[in-house]
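Biologist: Please take me through one part of this model closely. I would like the sheet in chain A and what packs there.

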Amino acid sequence: MTRQQGPSAAVRYARETVDLAIEGAEAYRRDDLVERLRGARDLLSGSGVTIYVVGEYKKGKSSLVNALLTTSVCPVDDDIATAVPTVVRFATEPNARATYEPEDGDVGSPWTETIAFEQIAAHVAEGGNPGNRRRLRSVTVGVDRALLESGLIVVDTPGVGGLGSVRNAVTASALPSAHAVLFVSDASQELTAAELRFLRTVAELCPTVLFVLTKIDLYPHWRRILELDLAHLAREGVPVAAFAVSSQVRSAAADAADAELNEESGFPPLVQRIDEVVEDAERVALQTVGAHLLSAIGQIVPALSARAAALGRPEDAADVRAELVRARERADTLRSRGSRWQQVLYDGFADISSDVDFDLRVRTRAVLAEAEQAIDDGDPAKNWDEFEKWLRSRLAAETLENYARFTKSADELADRVAEHFELVEKQILTVRAPVGVLEQLSIDTTALDGPKKVTGKMAIFQKTYAGFMMFTMLTHLTALVIPSPVGIVAGLLMGRAALGEERRRAIEKRRSAARTAVRRFVEEFSIQVSKDSRDTVRRAQRELRERYTRRAEELQRSATEALDAAREALRDDEDATDELRRLQKDLQLFATLRARTEQMLARTAPEPVP
Amino acid sequence: MSGSGVAERIAALVQAAIGVYTGGPAEAELRAVADRLAEPLRVAIAGRVKAGKSTLLNALVGQQLAATDAGECTRIVTWYVDGLTYRVDLHPREGASRQVPFRRVRGALDIRLDGVTAAEVERLVVQWPAPALRTMSLIDTPGMGSATTALGERTEALLTPEAELEGAPAEVDAVVYLMRHVHGEDVRFLETFQDGSPDRNPVNTVGVLARADEVGHARPDALEVAGRIATRYAADPRIRALCRTVVPVAGLLASAAAALRESEYRMIEVLARAPDLDRLLLTADRLLTAPTDVPLLPDERAALLDRFGMFGLRLATRMVRDGEVGGARGLAAALAEASGLPLLQAVLADQFAARAEVLKARSALMALEAVVRRYPPPAASGLARDVERVRAEAHEFAEIALLDAVRSGAVPLSPDEASGAELLLGASGTDARSRLGLAADAGPEQVRKAAADQHLRWQLRAEHPASPREVRQAARLLVRSCEGILGGLGPG
């Protein structure tokens, strides 16, 4: 395995280009563009390609992480399972940190503390922290491993089938910000209905799903199981890449430094695929940065070229001004409420809001019906605690699926808005300059066609999704109390249990109390969640709107400044020749920058699909 | 006080009912109930898909009867009952049952459905003269949680009667529930099973931590670890409320041991002598395909692996190499012991078989009650009154119901009191010494003293004004159980 140290050459090259563009924008006092370019530069700062490892209870997730990184940071126990997410990232010195939930009602940032490396197991495993009474949110571990050096972060999660499945909804809520998900199942049996259902949700939240079949050393028929699993996945319409591995063999190979054994473990193709994910993430970042660069350069240049035109060929000045006036009018339209992209945005979010709300309503109603059926079929005095737990996790699972639906449609909408916006943006930036001086400087817009999809949704949405909704929703979920109807249990189970009628009446009474309690709970839950969900929709809408409004304002300002520059030249022509020389030099500089950016975009362009 | 007392009374009652209903629509049903009373205990083997139900069934029968496979395999509920001849009957969902042909492929039954699809079959009944089936009939079920959902629904239908049939007798007397590690779905299923009717309870369910050899990645200590997990589960109140106890069983090991052939032993001997044994047993693929000097054909290696699994092969070769066992019988015995099956058999024999009469009688009584409800008998026959009276007077039923309530935590007792009460109610055996938690060789005086102590303890609890009502009622019932024990000792 050869892996380069630190950021790649492409990233360094992109960083230099952005720095030059920032200097240029500062020289022309375009602080709005400087800010945008600084933000773009942050995308290149490397860290943060995150891969989540999810799957059912006891399928070997922690072993997989350990074998992948040839370390033993994730505690593996034959009995006790992982209880909180473990975040593994690069560090030169091994270290570990625990993050705790803030107290109820505390909106401040969560409390963290450094823990001893040997203490990880006590924090992470269920046994050391039963029922998570310590309100631990996650444990972050830093280790010195080559695979992580490129900024890769691997997150080991609690099993989805475990008894506390509300927790795993928290995990899943972070998936939209993941770059890939390893879905783990083992070769002891084919995928179950519950696993398939979870996998479907995961694939909606994060499109890059790698299916990993573990424990192939133990089961001679693992190829059959893999085949069956792939058939299930194909039937579900979930496209995934599959890898069959043995963590046991990989760890043995690492201990014995045995390359052949490593090959046998099935890990090399998985490691290679993970490398590709990291490279892909870098490529997407470079494409995004490239698009920002082109847009920024494209906005500074018209002002320069307009002034150059006014100075150099005064006879064409009127044409230039007319062209610029049209460009500004377009920018004004883009900014106004009636513009196409704004309409798409408003209508789109209104649709999403009502869709998501309806979907949630249908789902909670189905859960309620199931719960009432269960109550009618049974005796609420028995297993009420289990029933309550079941109800909570059913609701959490449904909410998660509802949330996945929202994420997907919001992503699609963001694409549509981007398309409409960028269509007009292109027209503004392709101010046709008159022939002559400006010929060699005319704005080439072909590059704008390429990466517009990429700029559409990347950075902003990820944090919008992950942060808020699920957390508040789940706090509501755990804070709501379902009063137990067991209180009214008379001791009728005993002694004279034979008196059928009396017993039946008692059960009926309990059932009706239970039904009322459950109905109230589900109603309260759906009020809270639909409030949360509406807030999230609104927040996403606001972020998208503000983002494009800012872009529209930039364009407006660019067009106005270009127009002003063209007008100014007519009033003041003292040192016209000097200024013209300077302008042409600057234009040359920006042209070079543009060429660099285009080169960068071309190199990182996605492979054409054959 | 003995179980047979109530069983006999109910058997007599069923006969009386047949007299009342002769020629009526309920007669056939009642005759079935009477037959059922004479039948051995019906034990269903249930659990999540791929938990190893068919493998365990084979181990219990001691033959490779049920087909097993890496993929999901059992698609039809199949009954295995004792019989004089070998035959298989197909009971379709609609229409009359009929005999179907079958053949055996490497021991396993290959039953031909004769053009009927699995979905149209309600059950298959396999009659097989096997000693193990004389004491209990076994029922193999499709697993819960299959990605092919229709399979799992089958089993739920078998074990949880429809709502409209509430009060109808359960088809099975006891359930062996296989779990691999408790999954959400496991608990849900156990719940459904409990919920179906108020008369279902943990008393007739035993939990099995199945595929125990795969726990802890089949390392040599896998079975010890499985034992620890089972102990933890058995102590977990959520699981206690659902089943009586949890025992670890390595089904594959048990079924291999139950029918270990001399030829297999010889192959294991050959393998155990291989100098590169550890290298070969590192992964299943290696054993099957790695180049080696071991004189075993690839087919033979594959067959061994299927029969024993990686853990079984590692264990068996180690035992043979270290000279711990000699001969096929020795190996079979050692593997059977290691598999944990004897413990499960002991639980079934001591806890289910001992209560089998009462459990069966209870099922019969419920069937009888259903008939009486549906076709009210002439008042003059007194049948309805007799049925009600048996139900009211049967202390055994009350004990079972209370045991259930105590285990599900519905009675607010201290942990110490609860465990004492469970013993007294016959949780680990219905003889006097088991009930009192005494050694099997305890003398009569010791028994008498212990029973008197318990009697006093529960009497005080029953009369204590601060005791909640549920506790007072429970204590009164426990006092009766003590009186039963004291009465059984005779005058001292």
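Modeller: Here is the sheet, followed by one helix pair. This is a predicted model, in which local features need pLDDT of at least 70, side-chain atom pairs count only at pLDDT 80 or more, and totals for chains, interfaces and linings use all residues. Residues are numbered from 1 along each chain as its sequence is written, and chains are lettered from A and ligands numbered from 1 in the order in which they are written.

Chain A has an open sheet of 9 strands, in the order 4-3-5-2-6-1-7-8-9. Pairing is mixed. Two strands pair if DSSP finds at least two bridges between them. Helices (H or I, at least four residues) and strands (E, at least two) are DSSP runs, numbered from the N terminus. Strand 4 (111–115) and strand 9 (241–244) of chain A stand at the edges with a single partner strand each, so one side of each lacks a neighbour in the sheet. On average, neighbouring strands are turned by 20 degrees against each other, direction ignored.

Take one pair. Strand 2 (residues 86–90) of chain A joins strand 5 (residues 136–143) of chain A in the parallel sense, over 5 bridges. There, A:R89 has A:G142 as its bridge partner in strand 5.

Now the helix pair. The axes of helix 10 (residues 267–312) and helix 18 (residues 576–604) of chain A come within 9 Å and cross at roughly 160 degrees. Axes are lines fitted to C-alpha atoms, for helices over the stretch in contact, and angles run from 0 to 180 degrees between N-to-C directions. That makes helix 10 of chain A roughly antiparallel (over 145 degrees) to helix 18 of chain A.

Definitions and conventions
Angles under 35 degrees count as roughly parallel, over 145 as roughly antiparallel, 65 to 115 as roughly perpendicular and the rest as oblique.
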